[in-house]
Amino acid sequence: MPTFGNPSGTTLSAERREKLVKLAAEYDFVIIEDDPYGAISFTDRREKTLIQIAKELGHEDHVVYTSTFSKILAPGLRVGWIILPEWMKQQVAIIKQATDLHANSLTQALAAAYLKLGRLDPQIELIREAYKQKCLTLSRLLEEELGEHITFNQPQGGMFLWASFRYDFDTTAWLQKTLEKGVVYVPGEFFFSDHADKRTLRFSYATATDEQLVEAVKRLKAAL
């Protein structure tokens with residue numbers, strides 16, 4: 001995920017994107033660009049996708065692009081899309097058919113009908129603004145109520161806020177206390193392949209109302 005990656009929200013710089021594509025061409029490997037959150041930017045700045053850069057450089061055989069409607073249209077709409085190099089299309093189609101034959105026909109038809117209405121761009125703008133405000137609310141509350149305990153980088157898009165305690169702390173053990181108060185997050189250690197940092201944790205602000213965010217942060221503070 002080069003754009004608003006899960007869980008950290010990190011976005012790969014333009015320079016590193018181009019370097020990565022060039023390395024793929026030089027050493028003949030394929031990049032799988034997973035981009036579910038790229039459209040959910042809180043600013044007007046948009047980095048080019050890896051596949052855009054690859055096409056500009058003539059290296060499109062080295063990038064596969066995937067995304068989904070579940071983050072920009074409806075979470076229950078489990079329909080996505082993939083852009084493949086020509087040489088890979090038949091093999092991927094065979095693997096897809098062997099795995100589940102095809103995606104749900106009804107949800108595909110619903111997505112296609114919605115796209116024909118021309119409403120997707122306004123829907124994305126609605127989501128961008130809504131998530132931006134939720135993110136700002138959560139960020140402000142965390143700074144006001146828990147600023148002496150945790151630190152985080154302000155998200156510029158996506159659905160998550162990645163935070164870390166300022167001191168030695170086990171967020172996995174703490175989860176049991178917050179669950180008792182009705183608040184859930186994802187302990188950061190589960191996102192590490194090794195050398196896990198147990199001080200870290202991931203919050204999601206996507207589905208909560210402002211009132212719920214206020215109450216959640218109060219309960220987090222009470223659980224310390």
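Author: A residue counts as buried here when its relative accessible area is under 20%, and this is the cut-off against which strand 5 can be judged in this predicted model.

Reader: What makes strand 5 largely enclosed by the rest of the structure?

Author: Set against that cut-off, six of the six residues of strand 5 are buried, and therefore the strand is largely enclosed by the rest of the structure. Both faces take part, since Phe160, Trp162 and Ser164 point one way while Leu161, Ala163 and Phe165 point the other way, and all of them are buried.

Reader: How do you know that strand 5 and strand 7 are paired, and in which direction do they run?

Author: A pair needs at least two bridges between the strands, and five bridges join strand 5, residues 160-165, to strand 7, residues 200-204, so the criterion is met, with the two strands running antiparallel. Individual positions can be followed across this pairing: Trp162 has Arg202 as its bridge partner in strand 7, and Ala163 has Leu201. Strand 4 is joined to strand 5 by three bridges, again antiparallel, and here Phe152 stands opposite Ala163.

Reader: Why are strand 4 and strand 6 said to stand at the edges?

Author: The sheet is an open one of four strands in the order 4-5-7-6, with antiparallel pairing. Strand 4 (150-152) and strand 6 (186-187) each have a single partner strand, so one side of each is left without a neighbour in the sheet. Helix 5, residues 120-146, packs on this sheet and touches strand 4, strand 5 and strand 7, its direction making about 150° with that of strand 4.

Reader: What makes Thr200 count as buried, and where is Thr200 placed?

Author: Thr200 lies in strand 7, and its relative accessibility is 4%, which is under the 20% cut-off, so Thr200 counts as buried. A polar atom of the Thr200 side chain lies 2.7 Å from the backbone oxygen of Asp197. Beyond its neighbours within four places in sequence, Thr200 is in contact with residues including Trp162, Ala163 and Ser164, as well as Pro187 and Phe192.

Reader: Why is Ser70 called buried or exposed, given that its place is in a loop?

Author: Ser70 sits in the loop between strand 2 (63-68) and strand 3 (80-83), yet its relative accessible area is 8%, and because this is under 20% Ser70 is called buried. Its side chain has a polar contact of 2.9 Å with the side chain of Thr68 and another, of 3.4 Å, with the side chain of Lys71. With neighbours within four places in sequence left aside, Ser70 is in contact with Pro75, Leu77, Arg78 and Val79.

Reader: How do you know which residues touch the most other members of the largest nonpolar core?

Author: Membership requires a residue to be buried, of a listed nonpolar kind, and joined to others through side-chain atoms within 4.5 Å; of the 41 residues in the largest such core, Leu142 and Phe203 touch the most other members. Among the elements that supply at least two residues each are helix 4 (105-116), helix 6 (171-180) and helix 7 (210-223), while helix 5 gives the most, with nine residues. The core draws at least three residues from each of domain 1 and domain 2. Phe203 itself, leaving aside neighbours within four places in sequence, is in contact with residues including Leu138, Leu142, Phe160 and Leu220. A second, separate core of nine residues includes Val21, Ala24, Ile51 and Ile53.

Reader: What makes domain 1 and domain 2 two domains, and how far apart are their C-alpha centres?

Author: The division comes from the domain assignment, which gives domain 1 as 14-117 and domain 2 as 127-222, and their C-alpha centres lie 29 Å apart. The contact between them takes 11 residues from domain 1 and 12 residues from domain 2.

Reader: How many helices and strands does the whole protein have, and what share of its residues count as buried?

Author: The protein has seven helices and seven strands, and 40% of its 224 residues count as buried. Among contacts with a separation of 6 or more, 62% come from residues 24 or more positions apart.

Definitions and conventions. Residues are numbered from 1 along each chain as its sequence is written. This is a predicted model: local features need pLDDT of at least 70, side-chain atom pairs count only at pLDDT 80 or more; totals for chains, interfaces and linings use all residues. Side-chain values use heavy atoms; hydrogens and water are left out. Contact means heavy atoms within 4.5 Å. Axes are lines fitted to C-alpha atoms, for helices over the stretch in contact, and angles run from 0 to 180 degrees between N-to-C directions. Buried means under 20% relative accessible area, exposed over 50%, partly exposed in between (1.4 Å probe, protein chains only). A polar contact is a pair of N or O atoms within 3.5 Å; within protein, one must be able to donate a hydrogen and the other to accept it, and residues adjacent in sequence count only if both atoms are side-chain atoms. Domain bounds come from an automatic or database domain assignment.
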